[in-house]
Amino acid sequence: MGDILVITEHLKGEFQDITFEMLGKAKELTGISGGQCVAVTFGSMNGKADELGAADSVISIGGSDDFNPESYAAAVQSVVSAKSPSLVMVGSTSMGMDIASSAATALNIPAVSYCANISASGSGFSCTSSMYGGKMNAVTNVDGPAVAMVLAGAFNADAGRISGSPTVEDFSADFGAGKIRFKQLIEPESGDVDITQSEILVAVGRGIGSKDDIELAEELAEVLDADLACSRPLVDAGWMPKAHQVGKSGMKVKPKVYIALGISGAPEHIEGMKSSSTIIAINTDKNAPIFDVAHYGMTEDLFDVVEELVEELE
Amino acid sequence: MKIIVLLKQVPDLVEDLEVDASGKTLDTDDIKFKLNEYDDHALEEAILLKESGAVDEIIAMAVDGNGTDKMLFTAIAKGADGAVKLTGGNPADSHELGKAFSNVLASESYDMIFTGVQSVDDRDGQLGPIIGSYLGIPCVSVVSGIKVSGDTAVIHKEYSGGMMGEFEVDLPAVMGIQAAKQSPRYAPVSKIRQVQETAAIKEVSMGDLGSGSGSSVASMAPPEKGAGSEMLEDVEELIDVLKDKGVI
């Protein structure tokens with residue numbers, strides 16, 4: 001069995017959690033399948049190779065510290081082509097999405113999206129994709145070079161957060177034709193509240209139905225001395241400010257109590273709130289994936305529950 | 001400046017989803033399909049650019065199937081200038097779909113190709129980067145803001161935590177749209193009816209679908225339920241939990 005390449009991800013000089021989540025899993029898999037667990041770094045991140053102790057070795061492909069959809073994908077393509085690994089793990093993240101499908105397509109090797117699990121299987125790997133908003137799992141068996149796009153939060157980051165001194169090999173990569181140029185990093189506008197610091201969050205999703213009805217959730221938040229959060233569609237609809245958004249492209253929160261109102265629990269949302277100490281979900285769809293992560297659930301109409309709750313508590 | 005927007009339908013997730021007899025794919029007989037929500041945002045962003053004067057023409061493109069005509073007429077009713085339907089095949093995955101679009105796009109003129117950043121049914125990678133790779137043009141995913149100037153576009157790509165990267169992209173290019181500047185608009189039914197009577201959908205053969213993704217689904221099933229939630233029967237029980245957790 002060949003090696004597993006883990007394409008590390010960094011932002012502002014720090015490896016992101018997804019890097020360690022993938023490394024931990026890759027280390028576990030190569031322990032079974034044989035081969036080496038190899039981390040691939042960009043820019044000057046080879047200077048932090050001591051954080052990548054879960055890897056047997058590091059390939060440093062250099063280039064810019066600033067992510068670039070074109071040059072990072074081209075570089076990964078050239079390193080995969082040169083090293084012929086059994087499996088390439090890339091984050092199912094904003095950066096990973098630019099790398100995985102384009103490199104795999106250019107190399108004519110399979111790519112598997114939304115991997116929630118990967119196991120060693122025969123001479124290859126078995127990848128479980130979380131599809132249809134988390135309502136179905138599809139198993140794809142790959143044998144030979146393939147790219148697995150790993151969902152953030154699918155694996156334990158602590159298992160890959162091992163310090164050490166892996167050997168670092170410099171690799172001279174192709175960085176593409178320069179048709180995309182990085183200009184700047186834009187920091188989020190600071191909102192009225194920092195929901196990553198909240199102890200109690202009342203979060204509203206699409207189930208709330210209309211902008212006016214958010215008022216009811218606000219009332220509940222006030223009674224509970226909680227802050228108001230939301231899922232992505234409410235921000236896209238202009239109903240809630242971006243600073244309140246929980247999930248993949250929003251904030252990662254871990255309050256003591258997270259009350260999810262009318263949130264179905266798409267993987268993108270769950271990624272941002274599953275570390276909450278206690279999760280209470282209210283949703284009329286009993287099959288909603290939110291109930292897989294919630295500690296307590298209710299399938300009643302959220303308006304009935306919230307109205308009654310506010311009345312009782314007042 | 002011309003934008004081609006690629007549209008596709010996906011199962012409506014409010015439906016109860018079931019696996020068919022093969023055990024490898026969804027049973028689609030009784031389920032409702034709807035426009036991929038990210039594609040809806042891609043179309044909206046294109047229309048907003050046209051309304052701002054930065055774009056002259058928008059063409060909506062989709063593969064033939066149940067509901068395709070209605071989807072394309074709706075796109076015209078919202079603001080697209082024309083529609084193209086790809087016929088003569090049934091793409092089975094993102095790669096075959098990418099091949100079908102790329103075959104047709106190869107003989108079309110365009111400055112930008114817009115598509116939704118992802119869809120709930122892509123198992124073998126996302127359409128945008130696959131098409132970028134087939135056509136040999138740049139692609140950026142998770143785009144939520146575009147300004148066009150001359151033969152380049154300045155775009156915002158979303159990272160996590162509300163951070164964004166700003167990039168300058170040489171055109172032509174593919175954009176995987178995450179969100180338009182405003183919620184996708186609705187087209188009144190009367191307008192869609194009117195479009196159906198006056199507009200024509202151009203039909204083009206999708207050609208050879210290539211060798212696909214190089215992988216296939218071995219099995220499909222709903223996720224195993226873990227311990228799951230402890231279900232609460234009424235508000236009294238909910239209040240007990242909130243008390244127990246120190247919320248009240």
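Helix H4 (residues 214-224) of chain A lies across strands E13, E14 and E15 of chain A, at about 170° to E13(A). Helices and strands here are DSSP runs numbered from the N terminus, with at least four residues of H or I for a helix and at least two of E for a strand. Angles run from 0 to 180 degrees between N-to-C directions, with axes fitted as lines to C-alpha atoms (for helices, over the stretch in contact). This is a predicted model, where local features need pLDDT of at least 70 and side-chain atom pairs count only at pLDDT 80 or more, while totals for chains, interfaces and linings use all residues. Residues are numbered from 1 along each chain as its sequence is written, and chains are lettered from A and ligands numbered from 1 in the order in which they are written.

**The sheet under H4(A)**

- The order of this open sheet of 6 strands is E14(A)-E13(A)-E15(A)-E16(A)-E17(A)-E13(B), with parallel pairing; two strands pair if DSSP finds at least two bridges between them.
- Strand E14 (227-230) of chain A and strand E13 (230-231) of chain B sit at the edges with a single partner strand each, so one side of each has no neighbour in the sheet.
- E13 (residues 200-204) and E15 (residues 257-261), both of chain A, run parallel and share 5 bridges.
- Across from Leu201(A), in E15(A), you'll find Tyr258(A).

**The sheet of 10 strands**

- Another open sheet, this one of 10 strands, reads E11(A)-E5(A)-E4(A)-E1(A)-E6(A)-E10(A)-E7(A)-E8(A)-E9(A)-E12(B), and its pairing is mixed.
- E11 of chain A and E12 of chain B are the edge strands, each pairing on one side only.
- On average, neighbouring strands of this sheet are turned by 30° against each other, direction ignored.
- Helix H2(A) packs on the sheet and touches strands E1 (4-7), E4, E5 and E6 (87-91) of chain A, with its direction at about 170° to that of E1(A).
- Strands E4 (residues 37-41) and E5 (residues 57-60) of chain A run parallel and are joined by 4 bridges; Ala39(A) faces Val58(A) in E5(A).
- E5(A) also pairs in the parallel sense with E11 (residues 167-170) of chain A, over 4 bridges, and there Ser57(A) has Thr167(A) as its bridge partner.
- In a regular strand, side chains alternate between the two faces of the sheet.

**Where the chains meet**

- Chain A puts 71 residues into the contact and chain B puts in 65 residues; contact means C-beta atoms, placed from the backbone, within 7 Å.
- Helix H3 (residues 94-107) of chain A supplies the largest share of chain A's side, 9 residues.
- That side of chain A splits into 37 nonpolar, 20 polar and 14 charged residues, where Ala, Val, Leu, Ile, Met, Phe, Trp, Tyr, Cys and Pro count as nonpolar, Asp, Glu, Lys and Arg as charged, and the others, Gly among them, as polar.
- Strand E9 (residues 136-142) of chain A pairs antiparallel with strand E12 (residues 217-221) of chain B over 4 bridges.
- In E12(B), Asn137(A) is partnered by Ala221(B), and Thr140(A) by Val217(B).

**Cores**

- The largest nonpolar core has 129 residues, and those with the most contacts inside it are Val6(A), Met89(A), Val147(A), Ala148(A), Val5(B) and Ala60(B).
- A core is a set of buried Ala, Val, Leu, Ile, Met, Phe, Trp, Tyr and Cys residues joined through C-beta atoms within 7 Å.
- A second, separate core of 47 residues includes Ile208(A), Cys230(A), Ile270(A) and Ala294(A).
- Leaving out residues up to four places away in sequence, Val147(A) touches Val88(A), Val90(A), Ala100(A), Ala103(A), Ala104(A), Ile109(A) and Ala111(A).

**Chain by chain**

- Chain A has 8 helices and 17 strands, while chain B has 6 helices and 13 strands.
- Of the 314 residues of chain A, 58% count as buried; for the 248 residues of chain B it's 47%.
- Buried means 20 or more other C-beta atoms within 10 Å of the residue's own, exposed means 12 or fewer, and partly exposed is in between, with C-beta atoms placed from the backbone.
- The C-alpha trace spans about 65 × 45 × 35 Å along its principal axes in chain A, and about 65 × 45 × 40 Å in chain B.

**One loop residue**

- Asp66(A) is in the loop between E5 and helix H2 (69-83) of chain A.
- Asp66(A) counts as partly exposed because it has 18 C-beta neighbours inside 10 Å.

Technical notes:
Contact = placed C-beta atoms within 7 Å.
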